[in-house]
Amino acid sequence: IDEDEFEDKKFIAKHCRREQSGDARYAIKHLRSDVIKSSAYFQGAADLVIEAYLLSSICHPNIIKIRGISGAGIDGFANPEELGYFIVMDRLY
C-alpha cells in the first residue's frame with residue numbers, strides 16, 4: 001500500500017465514531033446473504049460495482065462520499081461470501 005492509502009486508512013480509523021454521540025460515522029454496504037444465494041446475485045454484484053465506480057468519481061457536498069472498498073476489489077465476487085465485496089461510505093442519519 002502506498003503512503004496515500006496508508007493516510008486514508010489512518011483517517012478512517014481515527015474518525016470512525018462521532019465524537020459527541022459515539023455513533024458510527026461510516027456504513028458498510030454489501031449484498032445480503034439471500035441475494036448471494038439467488039439468481040439476482042450477478043445483477044446485484046454489477047449494481048454494487050457500478051455504484052462504487054460512480055460514487056468514487058463524484059465530488060459534491062450533497063452526494064455521499066465513498067471511503068473505500070474491500071481489499072480484494074471486484075475480485076471479491078469470485079468467492080461469493082457475504083462480505084466478499086463491500087463499499088465503505090459515509091453513514092446517513
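This report walks through the fold, the sheet and the largest pocket of a predicted model.

## The big picture

Let's start with the overall layout. The protein chain has 3 helices and 3 strands. If you follow the chain along its sequence, they turn up in the pattern α-β-α-α-β-β. Want a feel for the dimensions? The C-alpha atoms fill a box of roughly 40 × 30 × 25 Å, taken along the principal axes.

## How confident is the prediction?

Since this is a predicted model, it's worth checking the confidence before going further. The mean pLDDT of the protein chain is 84, and 95% of its residues reach 70 or more. Where is confidence lowest, and where is it highest? The low end is H1, with a mean of 79, while the high end is H3, at 91.

## The sheet, strand by strand

Now for the strands. Together they make an open sheet of 3 strands in the order S1-S3-S2, and the pairing is antiparallel. S1 and S2 are the edge strands, each pairing on one side only. From one strand to the next, the twist averages 25°. As a bit of background, strands of a sheet pair through backbone hydrogen bonds, and they can do this either parallel or antiparallel.

How many bridges hold each pair? S1 and S3 are joined by 4 bridges, and S2 pairs with S3 (residues 87–90) over 3 bridges. You can pick out individual partners in the structure. Met89 in S3 is a good one to find: Ala27 has Met89 as its bridge partner, and Ile66 stands opposite Met89 as well. Another pair to look for is Ile69 with Ile87 of S3.

## A helix against the sheet

Next, look at helix H3, which covers residues 41–57. H3 packs on the sheet and touches S1, S2 and S3. The helix doesn't line up with the strands in a simple way: its direction makes about 45° with that of S3.

## The largest pocket

Finally, there's the largest pocket, with about 470 Å³ of space in it. Helix H1 (3–14), strand S1 (26–29) and strand S2 (66–69) are the elements that each give two or more residues to its lining. Which element supplies the largest share of the lining? That's H1, with 5 residues.

In total, 14 residues line this pocket. Those nearest its centre are Lys9, Ile12, Arg67, Gly68 and Ile69. Ile69 may sound familiar, as it's the residue whose bridge partner in S3 is Ile87. As for chemistry, the lining is a mix: 7 residues are nonpolar, 3 are polar and 4 are charged.

Note on methods: Residues are numbered from 1 along each chain as its sequence is written. This is a predicted model: local features need pLDDT of at least 70, side-chain atom pairs count only at pLDDT 80 or more; totals for chains, interfaces and linings use all residues. Side-chain values use heavy atoms; hydrogens and water are left out. On a 1 Å grid over the protein atoms alone, a cavity is a set of points where a 1.4 Å probe fits but cannot get out, and a pocket is an open set with protein on both sides within 12 Å along at least five of seven lines; lining residues have an atom within 4 Å of a point. Grid points are joined across faces, edges and corners, and a volume is the space filled by probe spheres set on the points. Ala, Val, Leu, Ile, Met, Phe, Trp, Tyr, Cys and Pro count as nonpolar, Asp, Glu, Lys and Arg as charged, and the others, Gly among them, as polar. Two strands pair if DSSP finds at least two bridges between them. Axes are lines fitted to C-alpha atoms, for helices over the stretch in contact, and angles run from 0 to 180 degrees between N-to-C directions. Contact means heavy atoms within 4.5 Å. pLDDT is the predictor's confidence in each residue, from 0 to 100.
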